[in-house]
Amino acid sequence: MKRTGVAEGVPHLRHAEYPGTISLDSVATINKYFKEKTLNLIIEALTKPIEKEEVPAGAAKGREIVFQGTLKEVNDFFFSNWFTDGLPIIPPTRERVEEFLKYTPLSPDEEVAVLHPSSVRVTPWNIAVNGVMAGCRPEHMPVLIAAVEAIGEPIYNLEQLGSTGGWNMFFVVNGPVAKQLGIQNGIGLVSRGANTVIGRAMGLIRHNLAGHRPGEVYMGTFGYILPPVFAENEELLYEIGWKPYHVDEGFDIDTSTVSVCGTANWGYQMYPTVSEPEHLAQLLAYDVARAGSPNHSVGQQESPRLVFPIFITPGVARTFAEGGYSKQDLKEAVWKNARYTLAEVDFESYYGAHEGQRQTHRDYLKRGKLPERVIEKGKLPTWFPKVVEGEDATIPVAPGPKQLPIFVCGDPTRNKSMTFYTMYNTFVTKPIKLPANWDRRVKDLRCQWECNI
Amino acid sequence: MVAPVSAKDEVYEVVSPLGEPVVKMMTMAPRLDTLEGKTIGEIWNGGFRGDESFPIIEKMLRERYPTIKLISYTDFSLVTIASLHPEKKKKTLEALRPQIQEKGCDAVITGNGC
């Protein structure tokens, strides 16, 4: 908490800690803890004089050599100074960093973004250091820079990812660069090729530059996986008459982009086994509803940050396309079917309340957090049994189909779908800025990163 | 930590992975000499049972400081900013300032998170 205060310009944030689990404790226990500890801390916070200045965390080191040592000694130094994600790193020497800087048209000290909550001004130099550490190749720099630009947009809400839900970033690379760099879109894609190291680099950037350090402002209750990096099967998309995500968002086919959003989960993978698009869309809607939370959806019906990214394999996409569905048709069909009953809303909002406040949908209505217009009767999802009239009211999982973006990737031989979920982020897409002679310089790179599976 | 197998005798000179914060530190208001006779506001973010804990804080503070004046969280706007758009977040926080001044607060207790 103190580190968050420093990042916001408050050098000595006074706070009082509660020693229990306030969302679960009885009123008697809360009284006991306040009497024994928290009240005294509140009084101290209000009355104890501020005596000395504190140095903001993450003070600049620039290009100064901060350590000399063998591979093991460098790794021990980075680990003990909390500069890593716990995995071994490649030593970031000046020479290696400068090699990365050759792959961006930006100057080394140019501002790419200011990341939060650390309020650090991030430059290509900083990005390159973390890219080297992660094991990236110099050619990955343009992707890393676009990814940092994306997470630096205020609308993305990077600082909120540190919330206790363990919200993770994930990235989608579209356009020619994905293929040129060997960013995978097939079987095992996030764990293969360039995907893994680019994701790891973004995790290190979040850690070292955005200041998301465990226990400080990186509060995921069970922690975080490495940020996944996806590419789409663009050849298949064009073949079935659909478009890749970046083209849907208004970018040119030949422009390469990085898109970022967030997720609280690595989803369960459905096995669609029907070929009628209508039933297939219902199955995806079932998965969307399961991936999210009625407790979150009830209070976020006007939030563009309630997003359910859906990943479907090429075979599933082809089935929809052959059934006459465009991608937009699919998003609308899924949105129409993905709903929560008010019974689900009330159960989770009371017994598993977000931020510990036990509520029902009536409390949200009363506070103006749930628009009455979204509650509809007679719209029970297909998978629910029929109930008596008056108990069949539902709300949609998200404000509209736009919050259900579709990505086509994964094993082309399998019938799979997977849904991510966030309530804190929108998608942000940035074009990738390439250095001169890019095509020539990466001509033979793809084959070095592809696995022959 | 288990480090990778060391490259024999090769020594690396490495740079820092950290960057430069751009935020300017503000000058904080001096703390109060006592809470006796002071006006303290309560601003709630809508989470973690503040509607139950603020009354407990009020009761205990009044017992310890009989002349303290406490302004309940119900007299201020509810400030739930975590998932707001940055501009809306800024406006919400700016709207608090006149409320605090109008009520003559010497200090406020706010936050309530984890």
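Are helix 6 of chain A and helix 8 of chain A parallel or oblique to each other? Keep that in mind as you start the tour of this predicted model.

**Stop 1: two helices in chain A**

Select residues 141–152 of chain A, which form helix 6, and residues 193–208 of chain A, which form helix 8. Their axes are 11 Å apart and the helices pack at an angle of about 45 degrees. Angles under 35 degrees count as roughly parallel and 65 to 115 as roughly perpendicular; helix 6 of chain A and helix 8 of chain A are therefore oblique to each other. Turn the view and you can follow the crossing, which is right-handed.

Now show the side chains where these helices touch. Helix 6 of chain A brings Val143(A), Leu144(A), Ala147(A) and Val148(A), while helix 8 of chain A brings Ile198(A), Ala201(A), Met202(A) and Ile205(A). Colour them by class and you will find eight nonpolar residues, with no polar and no charged ones.

**Stop 2: a sheet built from both chains**

Next, select strand 2 (113–115) of chain A and strand 2 (20–21) of chain B, and add strand 3 of chain A, residues 120–122. Together they make an open sheet of three strands in the order 2(A)-3(A)-2(B), paired antiparallel. Which strands stand at the edges? They are strand 2 of chain A and strand 2 of chain B; each has a single partner strand, so one side of each is left without a neighbour in the sheet.

Look at the two pairings in turn. Three bridges connect strand 2 of chain A with strand 3 of chain A, and Ala113(A) sits opposite Val122(A). Helix 6 of chain A, from the previous stop, packs on this sheet, where it touches strand 2 and strand 3 of chain A; its direction makes about 60 degrees with that of strand 2 of chain A. On the other side of the pairing, strand 3 of chain A is joined to strand 2 of chain B over two bridges, with Val120(A) opposite Pro21(B).

**Stop 3: the loop between the strands**

Stay here and zoom in on the loop between strand 2 and strand 3 of chain A, where you will find Pro117(A) and Ser119(A). Most residues other than glycine have a negative phi, and most peptide bonds are trans. Against that background, select His116(A) and Pro117(A): the peptide bond joining them is cis, with omega of about 15 degrees. Then pick Ser119(A), which is not a glycine and yet has a positive phi of about 60 degrees.

**Stop 4: where chain A meets chain B**

Zoom out to take in the contact of the two chains. How many residues does each chain give? Chain A contributes 70 residues and chain B contributes 43 residues. Among the elements that give two or more residues to the chain A side are strand 1 (65–69), helix 3 (71–80) and helix 4 (94–101) of chain A. Helix 2 of chain A gives the most, with ten residues. By class, the chain A side has 37 nonpolar, 21 polar and twelve charged residues.

Now select helix 2 (27–47) of chain A and helix 1 (residues 50–64) of chain B. Their axes are 10 Å apart, at an angle of about 60 degrees, and that makes helix 2 of chain A oblique to helix 1 of chain B. Their crossing is right-handed. Residues to show on the chain A helix include Ile30(A), Phe34(A) and Leu39(A), and on the chain B helix include Ile56(B), Ile57(B) and Met60(B). In this contact eight residues are nonpolar, two polar and two charged.

**Stop 5: the domains and a second sheet**

To finish, colour chain A by domain: domain 1 covers 2–47, domain 2 covers 65–253 + 430–453, and domain 3 covers 265–421. The centres of domain 1 and domain 3 of chain A are 38 Å apart.

Elsewhere in chain A, look for four strands in the order 7-12-8-11, an open sheet with mixed pairing. Strand 7 (269–270) and strand 11 (406–408) of chain A are at its edges. Strand 8 (residues 310–312) of chain A runs parallel to strand 11 of chain A, joined by three bridges; here Phe311(A) has Phe407(A) as its bridge partner. Last, select helix 11 (residues 277–291) of chain A, which lies across strand 7, strand 8 and strand 12 (417–419) of chain A, at about 30 degrees to strand 12.

Notes. Residues are numbered from 1 along each chain as its sequence is written. Chains are lettered from A and ligands numbered from 1 in the order in which they are written. This is a predicted model: local features need pLDDT of at least 70, side-chain atom pairs count only at pLDDT 80 or more; totals for chains, interfaces and linings use all residues. Axes are lines fitted to C-alpha atoms, for helices over the stretch in contact, and angles run from 0 to 180 degrees between N-to-C directions. Angles under 35 degrees count as roughly parallel, over 145 as roughly antiparallel, 65 to 115 as roughly perpendicular and the rest as oblique. A crossing is left-handed if the near helix is turned anticlockwise from the far one by less than a right angle, and right-handed if clockwise. Two residues are in contact if their C-beta atoms, placed from the backbone, lie within 7 Å. Ala, Val, Leu, Ile, Met, Phe, Trp, Tyr, Cys and Pro count as nonpolar, Asp, Glu, Lys and Arg as charged, and the others, Gly among them, as polar. Domain bounds come from an automatic or database domain assignment. Two strands pair if DSSP finds at least two bridges between them.
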